[in-house]
Every structure is written in C-alpha cells, then in structure tokens.
Amino acid sequence: MRPLYLRKVPNLFGIWVVPRKELSFRPNVGGGIFYLYKGEIDMKEMLEKIKSAAQAEILGISPEPEKAAAELENLRIKYLGKKGELTAVLRGMGALSAEERPLVGKIANEVREFIEEKIESAKAEIESAMSAQKLKEEKIDVTMPGKKNAAGRLHPTAQVLEEIKDIFIGLGFSIAEGPDVELDYYNFEALNIPKNHPARDTQDTFYINENTVLRTQTSPMQVRVMEKTQPPIRILAPGRVYRSDAVDATHSPVFHQVEGLVVDKGVTMADLKGTLDLFAKKLYGEETVTRFRPHHFPFTEPSAEMDIRCFSCGGKGCRLCKNEGWIEILGAGMVHPKVLKNCGIDHEVYSGFAFGIGLERIVMRRFDIRDLRLFFENDIRFLKQF
Ligand code: PHE
C-alpha cells in the first residue's frame, strides 16, 4: 500500500499539509514547526494497534461461558461501540487529506470487520460450549429404572355413588346439589317436622345457630327443588349429612345419603315400588328380591323401608344380615301433601314419591367392609384395595 506520507494536521497556525516522513517516529526532530506535531500518531498504526489489542483481549476472555459472554459484550462496546476506540479514530478522519481519507477508511473498515468477526466467532464458540455443557448436564440415562406413577382411584364410596347415579340417570333422573349448612326451615320445618316434634330427637343435630343446622338428611333437597321447579320432577340429590353421633364401627358424625324425588301427575305407590325394585336389581343383580315394610317419616305418607333378601345367605340368615335374612336398603314414601303445599305445588293435581339411601351401608356390604371409620381415615393401605 502506498505510504500515507501526507497528513493534514491542525496546528496553531491553521491547517498545514506536512510531509509524512518528516513527521513520523522521529522523536528527535526538534524545533520549528515540527514541534507542534510531536505526539501525533499515524492513524494507520493506531488502527493496527487497536486491531492487535482487540485480538489479544478477545483471545484472553474467561474460559467460563457465562463470564465470557459478558466480557465479549464489553469488548464489543469498548472497540466498536458508539464511544469505542475504533469509532474515535473514524471520527478523526475529517482531519485527513482527501487522498488519505479513503485509504484510512478502508483500513478502518477492515479492522472493524476483523474485530466483528473475531467477536462473532468467539460468541459462536461460547454458545456451542454452553449447549454442550447443557447437553452434558441434561443427559438422560436410559438405563435408569423408571419412576412408577401411583395411579389414584375413586374412594369406594364414590365408586358406588357413581353406579347409583348411573342407574337413576338411566331412568331419566338428573342430579341436584345443595348446601351442607342448611336452614332449619328446609331441614325440618318445610318437611313437616315442626319445632318440638319428636321426630327431631331421632336426628341428633349440629346447630350453627337457632335457624341454621348442618343438614341431618338430604331430604331438604326435596323442598329446594320443588320450590324452584314445577313438575314433572325427577331428581337425585347425593350429599354429605351430619349427625352428632359418637364415632364407632357403625356410626360417624359425617356420612352420605342419596335422596330421590319424583313428582308428576298420577304418580302412585306402584311407581315407587317399581322404580326402587328395579334400582335394587340393577345394583345387586337381576335375581334380587325386595320387600317393603311400613314405616314412618313425617314428610311422606304412606312411608316404607325397602329391604333386599340377603345376597350372602339367600335369606337363611348369616353374619352379613345379622341372621335376619333381609338387609335394609332405604327409606321411602309418597310425598306428604303438606310438603307439596309448602313448596307451592298443587297436591290435588300432583303426587310424588321420595326415597333416601344411606350410602355407606351399601358400600360396606358391597366390599365387606366392617368398620365405618375406615371410610374417613384416608389410610392409603385401605383405599388401595378398591
Ligand atoms: N331422610 C330420611 C332419613 O334420613 C330418609 C327418607 C328420604 C325417607 C326420603 C323418605 C323419603 O332417614
């Protein structure tokens, strides 16, 4: 390349064009005009210095990929940034002569490209080092034994409830749900159980306050549904109920009932029996025999309890049926006209039947579970068996 022997140098007297050879690297040149240019550095040389300094610094970055990435970014700013060294040189190009400017410009561009390239390739190296490291850390050992996922399952009570729901949904019932914390009115009053009625004594009640209880039965759902819906009605209302019983093998303060309600024109006791007999056969098998015994509930008239012939001994008497040959399944009856009236349904036009199934008893017999407490203890060793 042609030596840059001319240079426009600002001095005290204005812009001078000075022969290059007289200027450069002759520190001993003394006196006269040249004194003014002492310390002026050849731009080409400056660029070369920047180039080698940058190269050295890029080579000297940290071996740790994360640190190196940050260092490289700093170097980029140091050399190529707006306030960087190379930019500073390029700014000074205005002082060059018209002949020098393209030459110095060319070199400056080459140096910039060189530094950019070095930084880029160093970056690429860091990135590949980082991904190699990541791959190493995340390596999957396909020979390691797998982790077994313990699959959960439905609680035995929930399993049987699903079956019962399926049977009644198949008969055209829909599912209704209501609150566990219930007004005295729905739990008792509207069901024809006034305050001071002896029937309240059979259901040891948790009172929240004078007007609010934990529901002792799912029957309040009869009232809630009838208040809102005009017949025909066919609903099934499963849920938790509460009675202040001491815990033992057959008693729990929390248990489950499944309420059923049918109201329509011309519904009779025959519909009640037919429906519940069919339910028993679906749940326990086609050969199941049912019987209905008279009973009393304040909110049904007439009332009955339904038994099935013991499926274990066939009626001869065994431990399961406590030697009775029959097993009680549910309480039921024709909806009392007073209850229909309380809910704004014309008892001259409509009639209906209702039933209440104690869920835990059915589940206990189904799986031969002898202690009710097991249902609520959530012991995985128990639950795993079903
Ligand atoms: N609710 C009653 C009980 O808890 C059962 C029942 C429901 C009886 C519906 C008749 C009709 O014992």
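These exercises, each with a worked solution, concern a predicted model.

**Exercise 1. The chain as a whole**

Find how many helices and strands the chain has, and what share of its residues is buried.

Solution.
Step 1. Count the secondary structure: the chain has 13 helices and 12 strands.
Step 2. Turn to burial. Of the 386 residues in the chain, 28% are buried.
Step 3. Look at contacts between residues at least 6 apart in sequence. Among these, 64% join residues at least 24 apart.

**Exercise 2. The shell around the ligand**

List the residues that surround the ligand, sort them by class, and state which strands each supply at least two of them.

Solution.
Step 1. Read off the shell. Gln217, Ser219, Glu259, Phe297, Thr300, Gly331, Ala332, Gly333, Ala354, Phe355 and Gly356 surround the ligand.
Step 2. Sort the shell. Four residues are nonpolar, six are polar and one is charged. Glycine counts as polar here.
Step 3. Assign strands. S11 (326-335) and S12 (350-358) each give the shell at least two residues.
Step 4. Check how these two strands pair. S11 and S12 run antiparallel and are joined by five bridges. In this pairing Gly331 stands opposite Gly356 of S12. Both glycines are also in the shell around the ligand.

**Exercise 3. Strand S12**

Decide whether S12 is mostly covered or mostly open, and describe its pairing with S8.

Solution.
Step 1. Count buried residues. Eight of the nine residues of S12 are buried, and the strand is mostly covered.
Step 2. Count bridges to S8. Nine bridges join S8 and S12, and the two strands run antiparallel.
Step 3. Pick out one pair: Lys265 stands opposite Tyr350 in S12.

**Exercise 4. An enclosed helix**

Explain why helix H8 is described as largely enclosed, and name elements that cover it.

Solution.
Step 1. Recall the cut-off. A buried residue has 20 or more other C-beta atoms within 10 Å of its own.
Step 2. Apply it to H8, residues 220-228. Pro220, Met221, Gln222, Val223, Arg224, Val225 and Met226 are buried.
Step 3. Draw the conclusion. Seven of the nine residues of H8 are buried, so the rest of the structure largely encloses this helix.
Step 4. Find the cover. It includes strands S4 (181-183), S7 (233-242), S8 (254-265) and S12, together with helices H7 (184-187) and H10 (337-342).

**Exercise 5. Two helices side by side**

Work out how H2 and H5 are oriented, and which classes of residue make their contact.

Solution.
Step 1. Take the geometry. H2 (residues 43-59) and H5 (residues 100-137) pack at an angle of about 0 degrees, and their axes are 10 Å apart.
Step 2. Compare with the cut-off: angles under 35 degrees count as roughly parallel. H2 is therefore roughly parallel to H5.
Step 3. List the contact. H2 brings Met43, Lys44, Leu47, Ile50, Lys51, Ala54, Gln55 and Ile58. H5 brings Val104, Ile107, Ala108, Val111, Phe114, Ile115, Lys118, Ile119 and Ala122.
Step 4. Sort by class. The contact has 13 nonpolar, one polar and three charged residues.
Step 5. Look at the spacing. An α-helix has 3.6 residues a turn, so residues three or four places apart point the same way.

**Exercise 6. A three-stranded sheet**

Give the strand order of the open sheet with S4, S6 and S5, and say which strands are at its edges.

Solution.
Step 1. Write the order: S4-S6-S5, with antiparallel pairing.
Step 2. Find the edges. S4 and S5 (207-209) each have a single partner strand, so one side of each lacks a neighbour in the sheet.
Step 3. Add the twist, which averages 35 degrees from one strand to the next.
Step 4. Inspect one pair of strands. Two bridges join S5 and S6 (residues 212-214). Asn209 stands opposite Thr212 in S6.

**Exercise 7. Unusual backbone spots**

Locate the cis peptide bonds at Pro232 and Pro302, then classify Asn192 and Asn323 by exposure.

Solution.
Step 1. Take Pro232. A cis peptide bond joins Pro231 to Pro232, with omega about 5 degrees. Pro232 lies in the loop between H8 and S7.
Step 2. Take Pro302. The bond from Glu301 to Pro302 is cis, with omega near -5 degrees. Pro302 is in strand S10 (residues 300-309).
Step 3. Take Asn192. Its phi is positive, near 70 degrees. Asn192 has 19 other C-beta atoms within 10 Å and is partly exposed.
Step 4. Take Asn323. Its phi is positive too, about 65 degrees. Asn323 has 11 C-beta neighbours inside 10 Å, so it counts as exposed.

How values were computed
Residues numbered from 1 in each chain as written. Predicted model: local features only at pLDDT ≥ 70, side-chain atom pairs only at ≥ 80, totals over all residues. Near = placed C-beta within 6 Å. Helix = DSSP H or I, 4+ residues; strand = E, 2+ residues; numbered from the N terminus. Buried ≥ 20, exposed ≤ 12 C-beta atoms within 10 Å, placed from the backbone. Contact = placed C-beta atoms within 7 Å. Axes fitted to C-alpha atoms, helices over the stretch in contact; angles between N-to-C directions. Parallel < 35°, antiparallel > 145°, perpendicular 65-115°, else oblique. Pairing = 2+ DSSP bridges.
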